[in-house]
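Let's take a walk through this structure together, going from sheets to a helix and then to charged pairs. Have the viewer open and follow along as the residues come up.

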Amino acid sequence: MPCEVKPRFVVLYGSQKGQAQSLAEGVVELAEEHGLVTELGCLDQYEKYNLEKENAPVVFIVSTTGDGEPPDNALQFVKCIKKKTLSSDHYKHLSYALLALGDTNYANFCNCGKTIEKRLQELGAKQFYATGYADDGVGLEIVVDPWLDGLWDAIKGALSKMNSQRTGHLKEESAETQDSSLPDIQLSSLTITDTQNCESVSESKETVSKFASPTSASATQTAAADLRPASPVVRLELASEAGGAANVSTSGQEAQTVDDGHVTPVATLTCSLPPLSESFLNVPALPPSYLEVSLQAVDTVEQLVGPLNKETLHEVPISNVVQMTRGDSVKTALLLELDISAYPTMMAYQPGDSFDVFCPNRATEVDDILRKLGLHEKSNHRVHISLRKDTKKKGAQLPLYIPQNISLLFLLTWCLEIRSVPKKAFLRALVEHTKDGVQKRRLQELCSKQGATDYNRFVRDPSLSLGELLTTFPSCSPPLSILIEHLPKLQPRPYSAASSCLRHPGKLHFVFNIVEFPACPGRPAGRRGLCTSWLFDLINPVPVYPGNAESSGATAQPKIHVQLRSNCTFRPPSDPSVPFVMVGPGTGVAPFIGFLQQREKQRQENPEATFGETWLFFGCRHRDRDYLFREELEGFAVSGTLSHLEVCFSRDDQLDEVTDSIPRSRYVQHNLLLHSQRITDILLKQNGFLYVCGDAKNMAKDVNDTMMEMIKKELQVDQLEAMKRIAELREQKRYLQDIWG
């Protein structure tokens, strides 16, 4: 008897930090339960797929990075499909679905996914399932979970349609098959507004059943148990261990608030409340383990120091340090000068370029994890990693960013992002290695659909790390293999150049605030940003205040590993006669210092040339405490290099308004409104440029909204037309952003 051939489909991903790749791998894992065969590939692995000849459904899962750019491993694919030589029927044979990941805190939300989808349709491809636009700003799972739940029926419907077309069925029969196979699929994009009821998924069992995985009934007994961990047996055990109550914290005391003499229970990281604490849970399937990890004691271990790929990086000394803010400022801003004179490629940087700083995990946090895993005495043991022979993970491979013959200490210091927020799949894996029943139940809740609100509130939003979770749930002791499987690669931190090599040959400046993460449940003492605190520790106590030419102290100059970032578009206009507007409050002013230093040099060298207007909108809390680059900016304004310097001070102005009848601008967007006619004229009539640098969550959004209002007012158009004008500016690369969360 011939073997039954399972229908196949293709999954392709483009991922910058691993989220899209993880989701793609999850689709592959579930495919077998649906009787399907999948082929998984990254968009830059051209040897694994051929869209020109592909006759099976293709699922794209792609993220967006930077200012709406494709991930590095999708960049060439996007360039390829955007070739103008391709005909309008190039992909007429292709049937696809697409899940786009993005963050509404940034402009160009899901732009990579939108770009791919638009171009596929222009080339004749047909969509078989509604596109999902998942927002990491509020939680990817709000869109991802229901999108994945509906994907399987859509794939089977697409396969059924393709099969009927291939076997030559009558057109009426083919249409009938299509209609019956996709009763609930509508080709309208799936976004947050379409899935708001997902937020209430923890409030009713009806909602749970609505979004329950269609595979739960057909899965094996083991898989079914994983999907329903809160079975009556489990809950009885929890009730017994918790003294008859399922919603008890690990300390044995429930969080409470007192209001008018009444005690009101409050949910915390370790303690849930009804209905969640009493609910049956829909928990993700247990991710299959695929790595075998062993530790080997050796007489001598090669003491590696520095990042993984340091042979491709530049090790440069910090030649000068200046503290830019006053001692009583809310934030501490530092300017570092790097000596790049030994590296010609670094010296070719342009104003607006950014570069990566490679920093290690903090030694105290690494030590803490080692102790929690019971591996502190083995920190110098050699790590050996191999693939498990019995793994059920499709396409399993060894992490390419972990070299051979490294110590356990090096692994946790330079290879893994131990501060990354654990995803729900990671929490699901941790459940299996948690001994205490109450703690196990709480971890199950946090990774469940019903516990989505608690996960966002207590884990995702405060950016809890693995170490902080292990402290909170002390009975959880996972094996090292689980960490390597779920923790992403340690990423470098990007910074904008705050100088021009025309003004400072052989030098590169950058500015940063020392980031502070506040205390919260799971983090009682708070913590500082990883890279900013590391840089501060390197130069401490060297910082001096502006006005001193050199930093004090005769100690050896510390060195850091850096690398210029490629594909930078955040640069001043190549034509100096074109006007441009810069918006950069706080440290967002950094790249514009380079813009203006270059412009000043150009004016000196070409006094007869025509130069366009330059505007800078800067803001901070206090004029006398955190007005960064004050003397230099005012000097640019006096010399004419900067045509208009518009500043505002949010906290100083609050005091002035008490005695001053004239309203003061508190934020940069308020100053923009005051110059609405001039700014819109520059952008819409003179083909000028707008550059925005700084905070993505508030400032960049407010500036975008303000620009919308300015265009509506000055052009007398409605909201839709104003949005089109903004979109045109972005499309023409004349509204550029360098923003961060």
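**Starting from one pair of residues**

Gly-619 stands opposite Cys-648 in S22. This is a predicted model, and that pair is a good place to enter it. The strand that meets S22 here is S21, residues 614-620, and six bridges join S21 to S22, with the two running parallel.

Zoom out a little and you will see where these two strands belong. They are part of an open sheet of five strands with parallel pairing, in the order S22-S21-S20-S23-S24. Strand S22 (644-649) and strand S24 (735-740) stand at the edges with a single partner strand each, so one side of each is left without a neighbour in the sheet. Direction ignored, neighbouring strands of this sheet are turned by 10° against each other on average.

Now for a sheet with the other kind of pairing. Strands of a sheet pair through backbone hydrogen bonds, either parallel or antiparallel. An open sheet of three strands, ordered S9-S13-S14, has antiparallel pairing. Its edge strands are S9 (291-296) and S14 (406-407), each of which pairs on one side only. Strand S13, residues 382-387, is joined to S14 by two bridges, and these strands run antiparallel. To find the spot in your viewer, look for Val-383, which stands opposite Ile-406 in S14.

Strand S19 is worth a stop as well, with its two partners to look at in turn. Over four bridges, strand S10 (residues 314-323) pairs with strand S19 (residues 559-564) in the antiparallel sense. Here Val-316 has Ile-560 of S19 as its bridge partner. Strand S12 (residues 354-358) also pairs with S19 in the antiparallel sense, over four bridges. In that pairing, Phe-355 has Leu-564 of S19 as its bridge partner.

From strands, let's move to a helix. How many of the eight residues of helix H12 are buried? The count is seven of the eight in H12 (residues 424-431), so this helix is largely enclosed by the rest of the structure. The buried residues of H12 include hydrophobic names you might expect to look for, such as Phe-426, Leu-427 and Val-431, but also Lys-424 and Arg-428.Charged side chains make the last part of the walk. The count of salt bridges comes to 34. One of them links Arg-625 with Asp-328, the closest N and O atoms being 3.7 Å apart. Arg-625 lies in helix H19 (residues 623-626) and Asp-328 in the loop between S10 and strand S11 (333-339), so the pair ties together parts that are 297 residues apart in sequence. Arg-625 is partly exposed, with a relative accessible area of 28%, and Asp-328 is also partly exposed, at 40% relative accessibility.

Another salt bridge joins Glu-468 and Arg-527, with the closest N and O atoms 2.9 Å apart. Because Glu-468 lies in helix H15 (residues 466-472) and Arg-527 in strand S18 (residues 527-528), this pair ties together parts that are 59 residues apart in sequence. Glu-468 and Arg-527 are both buried.

A network rounds off the tour: salt bridges that share partners join Arg-441, Arg-442, Glu-445 and Asp-454. Within this group, Glu-445 forms a salt bridge with Arg-442, and their closest N and O atoms are 3.0 Å apart. Glu-445 and Arg-442 both lie in helix H13 (residues 437-447), three residues apart, about one turn of the helix. Both Glu-445 and Arg-442 are buried.

Terms used:
Residues numbered from 1 in each chain as written. Predicted model: local features only at pLDDT ≥ 70, side-chain atom pairs only at ≥ 80, totals over all residues. Heavy atoms only, no water. Pairing = 2+ DSSP bridges. Buried < 20%, exposed > 50% of the residue type's maximum accessible area, 1.4 Å probe, protein only. Salt bridge = Lys/Arg side-chain N within 4 Å of Asp/Glu carboxyl O. Axes fitted to C-alpha atoms, helices over the stretch in contact; angles between N-to-C directions.
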